[in-house]
Amino acid sequence: MADPDIADVERRMDSAVEVLRREFAGLRTGRASASLLEHISVAAYDSQMPLNQVASISVPEPRMLSVQVWDKGLAKEVEKAIRDAGLGLNPIVEGALIRVPIPELNEERRVELTRVAGKYAEQAKVAVRNVRRDGMDMLKRMEREGELSQDEQHLWGEEIQSLTDDHIEKVSNMLATKQEEIIQV
C-alpha cells in the first residue's frame, strides 16, 4: 500500500501563499517599493513584455522610484504603461530615465487598497481550498482502488485538513498585517 502524496498537497498550498505574498508586495503602502511596478506589462517590440525586461527599477529615495529604460525609444511606452496601470502614479520622463514619485495615500485610496488586499487574500484561500479538495479526491480514489483502508483515508484526510487550516490562517495573518500597513498614516 502506497502513502498519498501529502508533500505535493503542501507544496501546492505553499505556492498559493507565495503568490499572495507577491501580490501584496505590489500593493502600495505609501512607501516606494520596486515590486510595485514589476507586474506592469509594456508594449515593446510588437509584444507585451514585463517592465523588468525592458528597464531596471530602483528606489533612490523612500518616496521615489527610478526606472532606467534600456532602449530610449521605449521610454514613452514605459511611461504610458505606468500611467495606465491603475496605481495612481504620475511618471516624469527625463530621457531614458523615468522618475515615479509616490504620492501620499488619501483615506479613500487606503480603504480601496484594503479592499483589493482582501480580494487577493480571498483568491488565495480559494486556491488553498481547491488544493484541499484535490487532495481529498485523491484519498477517495486511493480508497476505492484498494490502496488505502477507510481508517487510513480518514487519518490522511485529517492531515490534509490540518494543512488547509494552517495555510488559511497564514493567509488571514498576512491580510491583517497588510491592511495594518496600508491604513498606517
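# Sheet, helix packing and pocket in a predicted model

In this predicted model, an open sheet is built from 4 strands in the order β3-β4-β6-β5, with antiparallel pairing.

Q: Which strands are the edge strands of this sheet?
A: The strands of the open sheet follow the order β3-β4-β6-β5. An edge strand pairs on one side only, and this holds for the strand at residues 55–61 and for the strand at residues 92–94. The edge strands are therefore β3 and β5.

Q: By how many degrees are neighbouring strands of this sheet turned against each other on average, direction ignored?
A: The pairing in this sheet is antiparallel, but the average turn between neighbouring strands is given with direction ignored. On that basis, the value is 25°.

Q: Which residue of β6 is the bridge partner of M64?
A: Strand β4 covers residues 64–69 and pairs with β3 in the antiparallel sense over 5 bridges, and on that side M64 is the bridge partner of E61. Strand β4 also pairs with β6, residues 97–101, again in the antiparallel sense and over 5 bridges. In β6, the bridge partner of M64 is P101.

Q: Which residue takes a positive phi in the hairpin of β5 and β6?
A: Strands β5 and β6 run antiparallel and are joined by 3 bridges, with V93 having I98 as its bridge partner in β6. The hairpin that they form has 2 residues between the strands, and the positive phi, near 75°, belongs to G95.

Q: Are α1 and α4 roughly parallel or roughly antiparallel to each other?
A: Helix α1 (residues 6–25) and helix α4 (residues 150–183) pack with their axes 10 Å apart and at an angle of about 10°. Angles under 35 degrees count as roughly parallel, and α1 and α4 are therefore roughly parallel.

Q: How many nonpolar residues does the contact of α1 with α4 have?
A: From α1, the residues making this contact include V9, M13, V17, L20 and F24, while those from α4 include W156, I160, L163 and V171. Charged residues also take part, among them E10 and R21 of α1 and E159 and K170 of α4. By class, the contact has 6 charged residues, 2 polar residues and, as the number asked for, 12 nonpolar.

Q: Why are α1 and α3 roughly antiparallel to each other?
A: The axes of α1 and α3 come within 9 Å, and the contact is made by residues including A16, L20 and F24 of α1 and A117, A124 and V131 of α3. By class, this contact has 13 nonpolar, 2 polar and 4 charged residues. Because angles over 145 degrees count as roughly antiparallel, the reason is the crossing angle of roughly 170°.

Q: How many polar residues does the contact of α3 with α4 have?
A: The axes of α3 and α4 come within 10 Å and cross at roughly 170°, which makes α3 roughly antiparallel to α4. The contact between these helices has 14 nonpolar residues and 7 charged residues, and the polar residues number 11.

Q: Which element gives the most to the lining of the largest pocket?
A: About 310 Å³ of space lies in the largest pocket, and the residues nearest its centre, out of 16 that line it, are E23, G26, L27, H39 and Y120. The elements giving two or more residues to this lining are α1 and α3. With 5 residues, the element that gives the most is α3.

Q: How many residues of the lining of the largest pocket are charged?
A: The largest pocket is lined by 16 residues, with E23 among those nearest its centre. Divided by class, the lining has 7 nonpolar residues and 4 polar residues, and the charged residues number 5.

Note on methods:
Residues are numbered from 1 along each chain as its sequence is written. This is a predicted model: local features need pLDDT of at least 70, side-chain atom pairs count only at pLDDT 80 or more; totals for chains, interfaces and linings use all residues. Side-chain values use heavy atoms; hydrogens and water are left out. Axes are lines fitted to C-alpha atoms, for helices over the stretch in contact, and angles run from 0 to 180 degrees between N-to-C directions. Angles under 35 degrees count as roughly parallel, over 145 as roughly antiparallel, 65 to 115 as roughly perpendicular and the rest as oblique. Contact means heavy atoms within 4.5 Å. Ala, Val, Leu, Ile, Met, Phe, Trp, Tyr, Cys and Pro count as nonpolar, Asp, Glu, Lys and Arg as charged, and the others, Gly among them, as polar. On a 1 Å grid over the protein atoms alone, a cavity is a set of points where a 1.4 Å probe fits but cannot get out, and a pocket is an open set with protein on both sides within 12 Å along at least five of seven lines; lining residues have an atom within 4 Å of a point. Grid points are joined across faces, edges and corners, and a volume is the space filled by probe spheres set on the points.
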